[in-house]
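The following exercises ask the reader to work from a structure to short, reasoned statements. Each task is followed by a solution in steps.

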Amino acid sequence: MDHFSLLEQRWIPVRLTSGEVVSLGLLDVFRRQSDIAALACSRPPTMVGVIRLLLAIVHRALSCSSGRWTVRDRFNWHRDGLPADAIVLYLEKWRSRFNLFDPDFPFMQVAVLSQAEETRDKVKPWTQIDLASASGNTPIVFDHACDLMPTTITPADAVNLLLEYQSFVPGGLVKVFRSSDKAGPLANTAAVIPVGPMLWQTLCLNLHAPAVDRAIDDLPCWERLALTTKDLAAAPTLATGPNDRYTHVSRSVLLLREPDGLVRWLRFGAGVALDEDVQAPDPMAAYRKGALGLVRLTFTGGRALWRDLPALLPAVGAEGGKAPSVLEYAATLRAEAPMGNPYQPVWVAGLASDQAKLLRWRLEQIILPEKLLLSEADVRDFLDFVQVADALYGALRSVAVRLIGNAMPKGEPRERQAVARQRFDVGQYAAGFFSTVERSLPRVLRLLQEGFVDEARTTWGNTLRQTGQHMWNVLQKNQGFTPNALREQARQAPYFFSAIRRQLRDFAPVSPGVDQQGRVHE
């Protein structure tokens, strides 16, 4: 029998406290928890997929051994380490379900694909589940994989690809068992993960509470019955809880092992369709307020993540938004007892897509002051900071578009303004403005944590003034020095600097080096 046990085989890349990067199996990840600082996955979606797997394992192991636990228990585990014996015992109980090539229960796969009429005689290359490889009619820049002559990958690589794919696969046509399929639980989502100094502490910060209603068991995929073709063709259903979401079989996959032990081909079809539950969203997903309701936080073009930072803060709910549950878990843990460090690192990682088209993946780290997790007043102060930056940029954009349009030599006024908006938006104005403002963000967050709110407001206000002046300088250079351009600059300058004064009137007095018109002087 083909055998690749996720318990012993080395497939999880981790960074040890010594700085060395090694790969470990699941048992060693928990037995050696005091040696492991963090995961060392090179791809953000893979890192998210592995953490979700570890969280489901820890939750089920502790549920089986302890039943229920309190925030104090979780704090003790965060301080002293997870109960490794209970977790190892749980993994040993389900050992057969963690074999990647088990004929009856292959890990996170669907064994019935080998007998189903729709799939038994059809294979696809392993690139089908690789979000960074060309496959079918999906072209990927710099990847020239050929479906008819695929290369091979190791089983360890296949596990990592499977985890990220099941979480982030976008919805779209599948044509096997049903005409189309639902997206994975984190499709087009920037997943939020509070991070601790050690991997076990990261898991404690993100660990969800035991189920209140025992009538509905939230089981991971390995504790469930083997999937049938009827399950794969069924209508979408709601997740039973985080464990279901973290290990959801979004697409049915069956890896095929070559004689040399590597993977070249797989069988593929629709998975268990997951319906979205507005009452119980994914614990790692944040939602901001949109024009038509709540919108999932994702990586949108070059938009700076800190502009959506209020959506991550649980204290207020981001003015109608919804903070990710994992940050609420971290906040309750920090509220239980002091942790020594008043700052909470947070990873925001994921994969952006446009329908079935994959666009980009990204990982960012934000260091959140503890006050922004626990204090409603401090969150509202910071919310003002973000809102004034967006409002200032919007006001300056309006003046700049008018300047660009009026300076054009020909065309109807409405047509010129449409062209001017396009020219402005495809330029580097937005990226330049918000990336410049972001440089003072760490200092402002530190001032808020230390209680110096007035100084934080002054710092932020002066940064925005200087950034607005810089935008004007760039705008002047880009328009050139024709008589028409110079005349229009003279007309629009008062409106431009009036917008700066008006938007920042509540933030800071005019500081040295800034004249009464709002211009910054060396």
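**Exercise 1.** In the hairpin of β1 and β2, which residue takes a positive phi?

*Solution.* The model is a predicted one, in which local features need pLDDT of at least 70, side-chain atom pairs count only at pLDDT 80 or more, and totals for chains, interfaces and linings use all residues. Residues are numbered from 1 along each chain as its sequence is written, and side-chain values use heavy atoms, with hydrogens and water left out.

Step 1. Identify the strands, which are DSSP runs of E of at least two residues, just as helices are runs of H or I of at least four, both numbered from the N terminus. Strand β1 covers residues 12–16 and pairs with β2 in the antiparallel sense over 4 bridges; pairing requires that DSSP finds at least two bridges between two strands.

Step 2. Locate a bridge position: Pro-13 stands opposite Ser-23 in β2.

Step 3. Examine the turn. There are 4 residues between the strands, and Gly-19 takes the positive phi, near 95°.

**Exercise 2.** Determine which side chains of strand β2 (residues 21–24) are buried.

*Solution.* Step 1. Recall the cut-offs: buried means under 20% relative accessible area, exposed over 50%, and partly exposed in between (1.4 Å probe, protein chains only).

Step 2. Follow the alternation along the strand. Val-22 and Leu-24 point to one face and are buried, whereas Val-21 and Ser-23 point to the other face and are not.

**Exercise 3.** Describe the surroundings of strand β9 (residues 263–270).

*Solution.* Step 1. Consider burial: 6 of the 8 residues of β9 are buried, so the strand is largely enclosed by the rest of the structure.

Step 2. List pairings. Strand β4 (residues 124–125) runs antiparallel to β9 and is joined to it by 2 bridges, with Trp-265 as the bridge partner of Pro-125. Strand β8 (residues 251–257) is also antiparallel to β9, through 7 bridges; here Arg-257 stands opposite Val-263.

Step 3. Inspect the hairpin of β8 and β9. It has 5 residues between the strands, and Gly-261 takes a positive phi near 90°.

**Exercise 4.** Why is Cys-204 in no bond with Cys-64?

*Solution.* Step 1. State the criterion: a disulfide is a pair of cysteine sulfur atoms within 2.5 Å. A search of the whole structure finds 0 disulfides.

Step 2. Apply the criterion. The closest cysteine sulfur to that of Cys-204 belongs to Cys-64 and is 17 Å away, which is too far for a bond. Cys-221 is likewise in no disulfide, its nearest cysteine sulfur, that of Cys-64, being 15 Å away.

Step 3. Note the burial. Cys-204 counts as buried at 0% relative accessibility, and Cys-221 is buried at 16%.

**Exercise 5.** Classify the aromatic pair of Phe-98 and Trp-222.

*Solution.* Step 1. A pair of aromatic rings is described by the distance of the centres and the angle of the planes. Rings of Phe, Tyr and Trp (its six-membered ring) pair if their centres lie within 6.5 Å; planes under 30 degrees apart are stacked, over 60 edge-to-face, and the rest tilted. The count comes to 18 aromatic pairs.

Step 2. For Phe-98 and Trp-222 the centres are 4.9 Å apart and the planes at 45°, so the pair is tilted.

Step 3. Place the residues. Phe-98 lies in the loop between α4 and β4 and Trp-222 in the loop between α6 (199–206) and α7 (229–233), so the pair ties together parts 124 residues apart in sequence.
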